[in-house]
Every structure is written in structure tokens, then in C-alpha cells.
Amino acid sequence: MMDFLAGSMPLTIIPAFDCGRLSFISGDYGPFVATMPIQVPLWLALSLRQTKRCRLVPPPWLTTSYLQAAVDYEKDPANEAFFTAAQNPQDPEGPEIPLPHHYHEAATAILDCAAEDLQNPKSLPPLLSDLSYLRSSKSSLVLKRLSHTLESRSGTFEDGAPDVVYNMQSGWKSHEVQVFKGVTYKLMNTSHRIHYGGDTGPTGGGGGGGRRGGGGGGGGRRQFGGNRGRRNFEHRSNRGGKEDENIPGNGEGVGGGSQESMVDEDGLELAAVDEEELMEPMRMGGEEGINKFR
Amino acid sequence: MAALNIDDAADMFGGVADFTQHTVNSIDDAMSDDGADSIGGDDSTSEMALLQQCWVNEVASPSLLPIDVDLVECLTLLLKNQLAVIDQLEESVADPMAALQLSMYQTEVDRVKYVLVDYLRVRLRKIERNALWYMSQFPDGKEYKTNAEDETVTVTFLSPKEMKFCAGYTKLLRKHMKETVLKHMPSKLLDNKPELDLSLQKLDDMQTTRMVDPPHDNTYLLAKMVSNGSQWVSNGDADEPDFSDYKHGHMILARYDAIKSRVISKEVELVP
């Protein structure tokens with residue numbers, strides 16, 4: 001999906017054919033005049049390039065100097081925020097140009113398809129991978145900060161979860177978001193469930209009422225049988241600190257003491273809930289009961 | 001659910017457009033972004049860019065968002081016209097220039113088709129998941145709200161064809177539930193009136209358990225601010241957290257519940 005969204009990024013090409021003005025659904029492009037540069041979206045540029053109908057003009061952000069500046073910025077420990085913009089190497093006096101939102105997807109596609117059109121194409125992949133590595137380590141710092149915030153909140157079980165909004169910084173690009181969100185959603189939804197009970201997430205299932213009100217007990221009782229296995233897994237992972245979750249593991253490890261006691265209560269609660277859950281389908285019929293055995 | 005092709009989609013939305021001025025105005029305001037940073041790309045207010053943003057929001061959100069029926073209809077018509085142009089070009093395919101144009105047009109049509117069909121399909125999937133809930137929430141597909149000036153604002157959540165689908169699906173669901181389970185329920189629940197149609201909604205009304213599941217709006221999501229939080233007009237919800245610190249382009253992590261109304265009013269967009 002990210003590659004698809006990256007496709008609408010504008011890019012300059014030099015067509016090798018002549019053509020009048022063409023009207024597409026997303027806009028008009030043309031007239032195409034051979035050897036005259038024209039701006040088209042990325043998807044069109046790549047499709048023309050693959051049939052050798054054009055040559056790509058390297059975009060200013062996909063150059064060694066720009067990417068080097070980006071990497072230097074990210075490496076500097078004083079810069080906590082993400083890199084956003086740097087000097088355009090083709091226009092040194094002009095304004096700074098920002099790193100495109102889909103820079104990673106676009107760069108991979110361009111290098112794949114039209115590497116010869118770029119200057120110094122061999123130097124670019126290592127720079128790109130450095131950049132994405134540095135940015136993802138910055139995003140894991142954000143994640144650590146987030147999990148610390150969550151721990152510090154662990155003592156407060158008011159009725160209902162607060163509608164807290166967490167500030168991430170600005171400057172996120174598509175690639176870091178993808179890497180970040182997988183772990184983060186799991187972290188947030190799990191911690192929400194541990195602290196406030198009830199179910200979050202589509203695999204949880206019914207009992208919507210318990211979500212806002214009632215702490216662990218009232219909400220927990222409405223779990224489906226199918227959930228038991230999943231909670232057990234999380235139970236273990238909270239204890240152990242799994243390898244594949246080493247980023248949140250650090251955060252949760254630090255506050256391990258408080259969390260573990262939580263999990264113990266949870267564990268006891270699990271035992272109580274199991275029996276209740278077994279009895280439930282016999283007591284109530286209807287959709288929920290059927291769902292249990294699905 | 002059979003595979004949706006573009007003709008089905010066109011039929012679905014060939015009906016009268018239910019144009020909601022509210023949503024379109026805020027789209028125009030929100031979409032004045034610089035090309036490098038927005039998902040839209042070339043022309044930020046083009047139909048395709050708008051549809052892409054709607055699609056991204058719909059994919060990322062756990063529950064159904066309002067649909068801009070006018071936009072979908074417009075795009076379907078554009079697609080139909082473009083397909084006609086392609087058909088015409090196919091007749092002169094020997095000419096290399098025509099062949100080139102044909103391939104370009106075809107690629108673009110495929111792209112638009114992909115977004116449109118996936119958008120509709122995602123919505124149908126969401127409707128299927130919580131069909132009974134949506135039927136009870138939006139009996140005619142629309143939500144009516146009074147805004148600050150005491151006017152009623154209608155927001156279309158289900159297009160007419162989607163309503164038809166939802167109604168048909170719930171009918172099937174109820175029938176299935178009745179045949180498999182409810183028929184065999186103990187008579188206590190029937191209130192000694194066997195002629196009453198025992199439905200899931202009735203059990204819900206008895207408040208013993210909630211039978212109809214609402215969609216899970218309490219999942220956490222990443223979202224991006226489109227407009228400055230400090231400029232927001234309060235939407236009357238006392239529980240809403242304070243957004244005044246957040247500016248355009250800021251990323252926030254929040255429970256979907258908390259930002260849902262802002263996503264609908266296009267002040268916040270979801271991150272795919």
C-alpha cells in the first residue's frame with residue numbers, strides 16, 4: 001500500500017517521444033516533447049521508464065550530498081527531532097527542500113528501475129539504509145519514552161480509561177511509521193487492557209460495556225474463551241521479556257516490578273475467569289455464545 | 001461476497017447523490033497542503049487525491065467513517081469515460097503512439113479502480129462485521145447532529161446501496177440466529193408470548209447481556225494533525241482531551257474514540 005501511495009509523488013522526466021496533452025483522471029499531463037523535461041507522477045514515470053520511453057531526471061533529494069547531509073543530521077546526538085529538510089544541491093542559493101513523505105519507497109523504486117539515470121547510484125543504497133536505520137533508532141527512543149510514560153501512569157486506575165493523546169514528534173515519514181506502528185499498537189492496546197480491563201482490538205470481541213467503566217475485574221470477565229490463549233502468551237512475555245519485543249521489553253523491564261505484580265493479579269484473575277467463561281455459554285445463548293465456539 | 005467489479009460499483013452508486021456540504025467544505029480547507037508532504041500528490045484537491053485520503057482513513061479506522069457519495073459517483077463516471085476512451089484507442093492499436101497512450105491510460109485506470117474498489121470493499125467488510133449495530137445506529141444511513149448554531153447537520157454513513165446491503169445482511173443474520181439458536185431458547189426469555197418475534201435486538205433490550213457488538217473504537221491509532229489544534233472549535237464533548245499544543249503535521253498517538261469526531265471533520269487524518 002505504501003508503494004501505491006508513493007506513486008503520486010511528482011517527478012521530472014525527459015520523454016523520448018512526442019505526444020499531445022493527455023487527460024487522465026487525476027489530471028492533465030503533457031504535451032510531451034522529446035528532450036524537454038516535464039513533471040509527471042512517479043507511477044507514470046516508472047511505467048514509461050520501464051518501456052524505455054523516457055529518462056528520469058534525478059530528484060534533488062536523491063543525491064549523495066543531500067542524503068549525506070541527512071545522515072549527518074540524524075547522527076548528531078544533539079538533534080532529537082527527525083531530519084526534515086536540507087539544502088537543494090542543484091540550487092545552492094535556493095530554499096531548503098524537505099525529504100518527501102514516501103522517500104524510502106520512491107527511492108527503492110527508482111533505484112530498481114532507473115539506477116543509470118542517477119548520479120553516483122552505487123553510493124545511494126548505503127546512505128539510504130543508514131538513514132532509515134538512524135531514523136528507526138530515533139523512533140525506538142520515542143517508543144521507550146512512551147512506555148516510560150505508560151508505566152508512570154500505572155498506578156492510576158480511575159473509572160474508565162482517560163482519553164489521553166500522546167504527542168509524537170512531527171517529521172515522521174512513511175517508512176518509519178510502518179516500522180514503528182506494529183510494535184506500538186500492540187504495546188498500547190496491551191497496556192490499556194492491563195490497566196483498564198475490557199477488550200481492545202478486533203480479536204478481543206464483545207462485552208463493549210466494560211470498556212469505559214469498571215477496572216480489571218468487571219471488564220476481564222467478559223473475555224472470550226478464545227482470548228485465553230492470547231493472554232497467556234502475553235502473560236509469559238511480560239514475565240520473560242521476549243526477544244522479538246526487545247524494544248518495549250526494555251521499557252517494561254525497567255518498570256518490571258510494578259508490571260509483574262500486575263500480571264500476577266492478572267494471572268490469578270485468569271484462573272477465576274476461566275471457570276466463569278466455561279459456564280457462560282450455557283447460561284447465555286445468542287450470538288456471543290456461538291462466537292465462543294467459533 | 002462476490003468480487004466487486006467496476007460495473008457493480010457503478011451500479012451501487014448510480015443513485016441520487018447525497019451531497020453533504022459539510023464534509024466537502026472541510027475537505028477543501030484541509031487539503032491545502034504542500035505536495036511533498038501530503039498523500040494526495042499532484043493536485044491536492046483532485047478527486048483522486050480526495051479518494052485516496054478517504055481510502056487511507058477508512059483502512060486505518062476500526063469503525064465506519066462517513067462516505068462522500070458524490071465523490072464516489074463522480075469518480076465512477078470519470079472512470080467510465082476513461083474506459084470509453086481506452087476502448088476507442090484499442091481500435092487503432094497498430095499505431096505506436098496510440099499503443100503508448102493506451103498503456104498510460106490503462107495504468108492510470110487500473111490505479112483508480114484499485115483505490116475505488118478497495119475503498120468500497122473495506123467499507124462493506126466493516127458493515128458486515130457490525131451490521132446489527134449500524135442498522136440500529138443509522139436506521140436510514142445518516143447521522144443527525146445539531147451543531148453550535150442549532151442547525152441539524154446530516155452526515156451520511158451508509159450510502160443508499162450500502163443500506164440495502166446492510167438490511168439484507170441483517171435479515172439473513174437474524175434468520176440464521178433464529179433457526180440455529182433462538183428457536184431453542186428457554187421459554188422464560190420469550191416472556192410467555194411465543195408469538196413475539198424473538199430477535200437479538202430484543203435480548204439486547206432486556207439488558208441482561210449486550211447482544212449487538214459495537215465496533216471496537218478503543219484501539220490505539222497513529223494520526224496526523226491536518227489543522228492546528230489550537231484553532232479547533234470545541235465540539236461540545238466534555239471528555240475531549242486538549243489538542244491545543246498540536247500543530248499541523250504533528251503526529252499523535254491516541255485511542256480512536258478520542259479523535260473520531262475530528263477524523264470525521266477532517267481536522268485529523270489517520271496514518272495508514
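This note walks through the confidence, the cores and one enclosed helix of a predicted model.

1. Ground rules. Local features need pLDDT of at least 70, side-chain atom pairs count only at pLDDT 80 or more, and totals for chains, interfaces and linings use all residues. Residues are numbered from 1 along each chain as its sequence is written, chains are lettered from A, and side-chain values use heavy atoms, without hydrogens and water.

2. Confidence. The predictor assigns the complex an ipTM of 0.71 and a pTM of 0.70. Chain B has an average pLDDT (the predictor's confidence in each residue, from 0 to 100) of 73, and 67% of the residues score at least 70.

3. Weak stretches. Residues 1-43 of chain B have pLDDT below 50, yet the model gives this stretch 79 contacts (heavy atoms within 4.5 Å) beyond near neighbours in sequence. Residues 192-197 of chain B also stay under 50.

4. Main core. The largest nonpolar core (buried Ala, Val, Leu, Ile, Met, Phe, Trp, Tyr and Cys joined through side-chain atoms within 4.5 Å) has 71 residues. Phe32(A) and Leu44(A) touch the most other members. Helix α5 (residues 96-129) of chain B gives the most, 11 residues. Helices here are DSSP runs (H or I, at least four residues), numbered from the N terminus.

5. Enclosed helix. Helix α2 (residues 42-50) of chain A is largely enclosed by the rest of the structure, because 8 of its 9 residues are buried (under 20% relative accessible area, 1.4 Å probe, protein chains only). Among them are Trp43(A), Leu44(A) and Arg49(A). Leu44(A) touches Phe24(A), Tyr29(A), Phe32(A) and Met104(B), leaving aside residues up to four places away in sequence.

Conventions. Buried < 20%, exposed > 50% of the residue type's maximum accessible area, 1.4 Å probe, protein only. Helix = DSSP H or I, 4+ residues; strand = E, 2+ residues; numbered from the N terminus.
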